[in-house]
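Here is a short report on how some strands and helices fit together. Look at the structure first, then read on.

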Amino acid sequence: MGRLIILIGAPGSGKSYWAKLFDMSQHIMDSRCAVVSRDEIRFSKLQDGDDYFKYEDEVKKEYLNKIREELAKDKIVVADATHLTKKSRKPLIKIGKEFNVDVDGIYFATGLKECIRRNNERKGRRKVPLSVVKKMYFSAQEPQYSEGFAFISRKE
């Protein structure tokens, strides 16, 4: 049966690393899992010199469509993006309801210093400007069951 797992956390909090480990473990056990990464979609469109958010509307649309496509295949779908606010999570929870699957949230409550340290290790476009990391970190809203989550986990 399908399931939607929404990763929630600031840049550098460990979301994509967790998604890769989860994806590998599921494939080893011959389970059906799909990781949909908003950054991977974005980076596939950007050319050298493009603004990071140049294709944001297109990226968001493709991201949500890929999640729908994978849920339609009855997969466990990991939605890999920041999803820091209730407003940003609402469309995903709505999709989960459309497909009648449980929606889980994994909140990466990594401290700001660690997020900055990890982000500083990134290369190229993957490195998020410090001001953006801070802004996103401080805008985070911890997920609540009242949003429609079946399960919430907190990773420190």
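## Strand pairing and helix packing

In this predicted model, I5 has D104 of strand 4 as its bridge partner. That pair belongs to a wider match: strand 1 (residues 3-8) and strand 4 run parallel and are joined by six bridges.

Strand 4 also pairs with strand 5. These two run parallel as well, with five bridges between them. Here D104 appears again, standing opposite F151 in strand 5.

The table lists both pairings of strand 4.

| Pairing | Bridges | Direction |
|---|---|---|
| Strand 1 (residues 3-8) with strand 4 | six bridges | parallel |
| Strand 4 with strand 5 (residues 151-155) | five bridges | parallel |

Is strand 4 largely enclosed or not? Count its buried residues. Strand 4 covers residues 102-108, and six of its seven residues are buried, so the rest of the structure largely encloses it.

Now turn to the helices. Helix 2 (residues 38-45) packs against helix 3 (residues 56-72) at an angle of about 135°. Their axes lie 9 Å apart. Angles from 115 to 145 degrees count as oblique, so helix 2 is oblique to helix 3. The crossing of helix 2 past helix 3 is right-handed.

Which residues of helix 2 meet helix 3? They are R38, I41, R42 and K45. On the helix 3 side, the partners are E56, E58, V59, K60, E62, Y63 and K66. By type, the contact has eight charged residues, three nonpolar and no polar ones.

Note on methods
Residues are numbered from 1 along each chain as its sequence is written. This is a predicted model: local features need pLDDT of at least 70, side-chain atom pairs count only at pLDDT 80 or more; totals for chains, interfaces and linings use all residues. Side-chain values use heavy atoms; hydrogens and water are left out. Buried means under 20% relative accessible area, exposed over 50%, partly exposed in between (1.4 Å probe, protein chains only). Helices (H or I, at least four residues) and strands (E, at least two) are DSSP runs, numbered from the N terminus. Two strands pair if DSSP finds at least two bridges between them. Axes are lines fitted to C-alpha atoms, for helices over the stretch in contact, and angles run from 0 to 180 degrees between N-to-C directions. Angles under 35 degrees count as roughly parallel, over 145 as roughly antiparallel, 65 to 115 as roughly perpendicular and the rest as oblique. A crossing is left-handed if the near helix is turned anticlockwise from the far one by less than a right angle, and right-handed if clockwise. Contact means heavy atoms within 4.5 Å. Ala, Val, Leu, Ile, Met, Phe, Trp, Tyr, Cys and Pro count as nonpolar, Asp, Glu, Lys and Arg as charged, and the others, Gly among them, as polar.
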